[in-house]
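Welcome, and please get your viewer ready. We will go from one selection to the next and look at what turns up at each stop.

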Amino acid sequence: ESSDFFFFQAEDGIRDFCLSRGLGDVYKRQSLVRRDKPCIHLIYGIDVSMNAGNFMYYAPMHRILQSQTYTKDQKYEMMKTYTEEMVALHFGQGWDICWHNNWKQREVLPTENQFLQMVSHKTGVLARMSTKLAGIVLNLDQQTIQKLSQFAETIGVAFQIQDDILNLEGEEYVATKGFYGEDIHEGKASLIVVHCLNNANNTDKERLYEILAMRTKDQNLINEAI
């Protein structure tokens, strides 16, 4: 029962962190729909959305630091882990922003390995950090925590790749967002896009660059890109 209580507090912190990341990400991408509802910046405005997202970044550690459940050593390790992973998250997010903001200039074309490294920071960090925090709560040794967190990170990367594929062909995306290929509309550098740009002939590559730079909602153009 005591372990369950420890986990509930850590779980609340991870949930807050995931919410904060989502609030910022949907605005950066100018997304329209998340979880079958209009994105929060479309409902309440950009200022409210960004402020709420920033607040939720700090809320998890504030909650843990105020807790009487964890030891001082556990709090230190959790704060250290959270800070390190937040740095990694923003580094990965910065890569992603750089890539999808430069389609018009054709200045930056990531390799598939660079894409996977970016996703390990941007998406894999969620599973990786959750696992590390759970290991700290359970007082696991560092070697075990490292192995488990690497495994969790791999699951996070696989989830991102699967989500990118479904975005281009999943029926549920049409039902919830009204069209296929929101990633094309957002100009997202998914693994599919990166693979195509690195392997397509020059004509197809140039056309894909053009469509990604348009940020179009035209389904015909999105279908052409797909």
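For our first stop, contact means heavy atoms within 4.5 Å. Keep in mind throughout that this is a predicted model.

Start by selecting Asp-183, which you will find in helix 9, spanning residues 182-186. Which residues is Asp-183 in contact with, leaving aside its neighbours within four places in sequence? Add Asp-164, Asn-167 and Lys-188 to your selection, and you have them. Is Asp-183 buried or exposed? Its relative accessibility is 7%, so Asp-183 counts as buried, the limit for that being under 20%.

Now let's move on to the rings. The count of aromatic pairs comes to 2. For one of them, select Phe-91 and Trp-95: this pair is tilted, with 5.0 Å centre to centre and 50° between the planes. Both residues belong to helix 4 (residues 72-100), where they sit 4 residues apart, about one turn of the helix. Colour them by accessibility if you like: Phe-91 is partly exposed at 47% relative accessible area, and Trp-95 is partly exposed as well, at 26%.

Keep Trp-95 selected and add Trp-99. Here the two rings form a stacked pair, 6.0 Å centre to centre with 15° between the planes. Trp-95 and Trp-99 are again 4 residues apart in helix 4, about one turn of the helix. Trp-99 has a relative accessibility of 4%, so this residue counts as buried.

To finish, show Phe-91, Trp-95 and Trp-99 together: ring pairs link these residues into a cluster.

Key: Residues are numbered from 1 along each chain as its sequence is written. This is a predicted model: local features need pLDDT of at least 70, side-chain atom pairs count only at pLDDT 80 or more; totals for chains, interfaces and linings use all residues. Side-chain values use heavy atoms; hydrogens and water are left out. Helices (H or I, at least four residues) and strands (E, at least two) are DSSP runs, numbered from the N terminus. Buried means under 20% relative accessible area, exposed over 50%, partly exposed in between (1.4 Å probe, protein chains only). Rings of Phe, Tyr and Trp (its six-membered ring) pair if their centres lie within 6.5 Å; planes under 30 degrees apart count as stacked, over 60 as edge-to-face and the rest as tilted.
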